[in-house]
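Please open the model in your viewer and keep the sequence panel beside it, since this tour moves from one selection to the next. At each stop, select the residues named and then read what is there.

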Amino acid sequence: MTVQSWFGEAKLGIFVHWGIFSVRGIPQPWDSAPGQISYQEYLEQLGGFTAARYRPGDWAELFVRAGAKYAVMTAKGPDGVTLWDTASTDLSVATATPAGKDLVRPFTQAMHRSGLRVGLYFSHHDVSRAPGTAARPSQPHTPPPESAAARPQHHDEDHKANEQRGRMAFRQIRELVENYRPDLLWFDGDQEHSAVRYWADELPGVLPALGPETVVIGRQDGHRGYGTPELATSIIPPDGAWELCYPLAGAHGHQRAGTHLPSVGELIRVFADTIAGGGNLLLKISPREDGTIPPEDAARLTALGRWIRRNHDAVYTTTGLPFGHFDGPSTLSKDRRTLFLMCTRTAHGFIELRGLHNAVRRISVLSTGAAVPYSVSDGLPDWNIPRVIRIKSPVAPSVLALELDGELELHQVTR
């Protein structure tokens, strides 16, 4: 199996965004954000992170019910706090919180036992300021001195600090690779800063040890990387495998009050749009500090999973229809003889399918098998202009299965 195969066919993943920010819902402090709390105040949440009800086996059961094929966990976020007992710093939940244990290993074991691929998220952006500092408060920003003579020293200090952070990041990534053998590494932070700061020269050397099936997300240096837009994608999707990261609550999942909670219908629409474009949907959830998943998140994941099971044939081992033939998401079976139209919004009267040379043998609702009425316009066969198929609009969200006479043949406009 190649890297492309399991990741390109996964369709749905779950991103477990978990950390000490779950204690009080305080967002992670970023240097550039005005009015942020100090890093010292942020770290006060360490004392409330217990993971007392952490049951990764229950998580795995929920993710399987949702239809997911892989799950990604935050091994280290931008706050510098690791969820495993790293030897590189004392800033870990195993040593600095009441949880007092490695949380990554039980996660990887539970996911693998349930047949899920395992991913680990690692942020190179680290506001902990210095390796080995568990409670270092953030310092106010001081402008660089105006004198030209002082600038080289300032830059040398920055360069030295960056190298230290890069070396620690490399050591921690090696720990993750050697201890947990993830199927996917999800990196963050390199888009905003130079490769000198975040990517030690030795880092590519650790990646081949992961094996040929391992996927790397977020890399910008061209080494086995896949793109992962967040919240939205372009109208015309990129070529090849890709992933859309989409939160179930808020932009980052740690603040729930007053945030938009997408409905099940919205999740189905986003999922359908994503897989029709050849991508995977990575749904981001944020457990509470004790390790429980909010019930509203579990309910929506379960409901999405029911829809996926009812329409299984239109989801897995499928490809998308080229843009412009149908005003909505669609997929094509592996044998190219069944076309699936995903009607995520109820249209008035009828829907149209354009540019299809094949005759249609039957149209039905995939989940029930009920036949759906349709009509075919005359078109201009002598001019090789295909007919337009008008289909009675079903109640959303439904999937229509069009059984074709032969393999799909689309009209191609030449210029």
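A residue is called buried when its relative accessible area is under 20%, exposed when that area is over 50%, and partly exposed in between. Keep in mind throughout that this is a predicted model.

**First stop: a salt bridge between two loops**

Select arginine 354, which is partly exposed because its relative accessible area is 25%, and then add aspartate 327, which is exposed at 68%. These two residues form a salt bridge, in which the closest N and O atoms are 3.0 Å apart. Aspartate 327 sits in the loop between strand E9 (319–320) and strand E10 (330–332), while arginine 354 sits in the loop between strand E12 (350–353) and strand E13 (360–365), so the pair ties together parts that are 27 residues apart in sequence. Now extend the selection with Glu352 and Arg390, and you will have a network of salt bridges that links Asp327, Glu352, Arg354 and Arg390.

**Second stop: further salt bridges**

How many salt bridges does the structure hold? There are 9 of them, and one is found by selecting glutamate 44 and arginine 24, whose closest N and O atoms are 3.7 Å apart. Glutamate 44 belongs to the loop between H2 and H3 and arginine 24 to the loop between E1 and H2, so this salt bridge ties together parts that are 20 residues apart in sequence. Glutamate 44 is exposed, with a relative accessible area of 51%, whereas arginine 24 counts as partly exposed at 45%.

Another salt bridge appears when you select glutamate 178 together with arginine 174, where the closest N and O atoms are 3.1 Å apart. Both residues lie in helix H6 (residues 151–180), and their separation of 4 residues is about one turn of the helix. Glutamate 178 is partly exposed at 44% relative accessibility, and arginine 174 is also partly exposed, at 32%.

**Third stop: a positive patch**

Select Arg65, Arg306, Arg309 and Arg310 together, and you will see the residues that form a positive surface patch. Helix H10 (residues 295–310) supplies the largest share of this patch, with 3 residues. Arginine 65 is located in helix H3 (residues 56–66), and its relative accessibility of 38% makes it partly exposed.

**Fourth stop: the backbone**

Turn on the backbone atoms and select lysine 11, which has a positive phi of about 75° although it is not a glycine. Lysine 11 lies in the loop between helix H1 (3–8) and strand E1 (12–16). Is lysine 11 buried or exposed? Lysine 11 is buried, because its relative accessible area is 3%.

Alanine 51 likewise has a positive phi, of about 50°, without being a glycine, and its place is in the loop between helix H2 (39–43) and H3. At 2% relative accessibility, alanine 51 is buried.

Next, go to the peptide bond from alanine 396 to proline 397, which is cis, with omega near -5°. Proline 397 is placed in the loop between strand E15 (389–392) and strand E16 (398–404).

**Last stop: cysteines**

A disulfide is a covalent bond between the sulfur atoms of two cysteines. A search of the whole structure finds 0 disulfides. Finish by selecting cysteine 245, which is buried with a relative accessible area of 2%, and cysteine 343, which is buried with 5%.

Notes. Residues numbered from 1 in each chain as written. Predicted model: local features only at pLDDT ≥ 70, side-chain atom pairs only at ≥ 80, totals over all residues. Heavy atoms only, no water. Patch = residues over 30% accessible without salt bridge, like charges linked within 9 Å, V, L, I, M, F, W, Y side chains within 5 Å. Areas by Shrake-Rupley, 256 points an atom, 1.4 Å probe, with all protein chains shown as cover. Salt bridge = Lys/Arg side-chain N within 4 Å of Asp/Glu carboxyl O. Lys, Arg positive; Asp, Glu negative; His and termini not counted. Charge placed at Lys NZ, Arg CZ, Asp CG, Glu CD. Helix = DSSP H or I, 4+ residues; strand = E, 2+ residues; numbered from the N terminus. Buried < 20%, exposed > 50% of the residue type's maximum accessible area, 1.4 Å probe, protein only. Disulfide = S-S within 2.5 Å.
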